Amino acid sequence: MSSAEVHAEVEQANAAFYAAFENADLDAMRDLWLEDPETLCVHPGAMPVRGTPAISRSWALIMANTPYIQFFLTDVEVSVLGGAPAGGRAVASVTCTENVLTGDERAGTDVFGGAKAVATNVFVHAEDGWRLWIHHASPVLSRENDDDA
């Protein structure tokens, strides 16, 4: 498998993660995660959640309390460490900016809010494809220091 094909597979796994969240599809979200006690998820502004069962519970709670969410990903960059998936254990990271549009039933059906976070999603290639090992999203609080980065 070529490097471009591997990168495309990782991008598809990353897109599936955001689609599961947008669609509040907990089953799809569970299927994306590596089944391992070392999985890690850091939701924006929250403490780390470790282990697949705890991560699934955190997503269930978030999905139950999020009436509408849509992601517009920018600055998407994929890196792959290790050989092609057929050549052994490969790890990939996807960094991106999450431009988030949300709706809140309390504010009315025509009111939407926006937010921005930067995220790192780390995938491990398992027997059944790319599985999410780590998700870490951090809110972008200010654009003042963008030129200093």
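**Notes on the predicted model**

1. Start with helix α1: A4 and Q12 are exposed there, on the other side of the helix from its buried residues, which are V6, V10, A13, N14, F17, Y18, A20 and F21. Those eight buried residues lie on the same side of α1, because the arc they cover around the axis is only 165°. The general rule behind such patterns is that an α-helix has 3.6 residues a turn, so residues three or four places apart point the same way. Keep in mind that this is a predicted model.

2. The length of α1 also checks out. Helix α1 has 20 residues (3-22), and at 1.5 Å a residue it should span 28 Å; the end C-alpha atoms are 29 Å apart, so the two values agree.

3. Which residue with a positive phi follows α1? That is A24, with phi near 50°, even though A24 is not a glycine. A24 lies in the loop between α1 and α2 (26-32). How accessible is A24? A24 is partly exposed: its relative accessible area is 43%, and the partly exposed class runs from 20% to 50%.

4. D75 deserves a look as well. D75 is another residue other than glycine with a positive phi, in this case near 55°. D75 is placed within a strand, β3 (residues 68-81). With a relative accessible area of 53%, D75 counts as exposed, because the cut-off for that class is over 50%.

5. Now the pocket, if you're thinking of putting something in a grid box. The largest pocket has a volume of about 300 Å³. Its lining takes in 19 residues, and F21, P44, I69, E98 and V100 are the ones nearest the centre. Two or more lining residues come from each of α1, α3 (52-64), β3, β4 (91-103), β5 (112-126) and β6 (129-139). By type, the lining residues divide into 14 nonpolar, three polar and two charged. F21 ties this point back to the first one: F21 is among the buried residues of α1 and also lies among the residues nearest the centre of the largest pocket.

6. Finally, the overall layout. There are three helices and six strands in the protein, and from the N terminus on the order is α-α-β-β-α-β-β-β-β. Of the 149 residues, 36% are buried. As for contacts between residues at least 6 apart in sequence, 54% of them join residues at least 24 apart.

Notes: Residues numbered from 1 in each chain as written. Predicted model: local features only at pLDDT ≥ 70, side-chain atom pairs only at ≥ 80, totals over all residues. Heavy atoms only, no water. Helix = DSSP H or I, 4+ residues; strand = E, 2+ residues; numbered from the N terminus. Expected span 1.5 Å × (residues − 1). Buried < 20%, exposed > 50% of the residue type's maximum accessible area, 1.4 Å probe, protein only. Arc of directions from axis to C-beta. 1 Å grid on protein atoms, 1.4 Å probe; cavity = no way out; pocket = protein on both sides within 12 Å on 5 of 7 lines; lining within 4 Å. Points joined across faces, edges and corners; volume = space filled by probe spheres on them. Nonpolar A, V, L, I, M, F, W, Y, C, P; charged D, E, K, R; others polar. Contact = heavy atoms within 4.5 Å.
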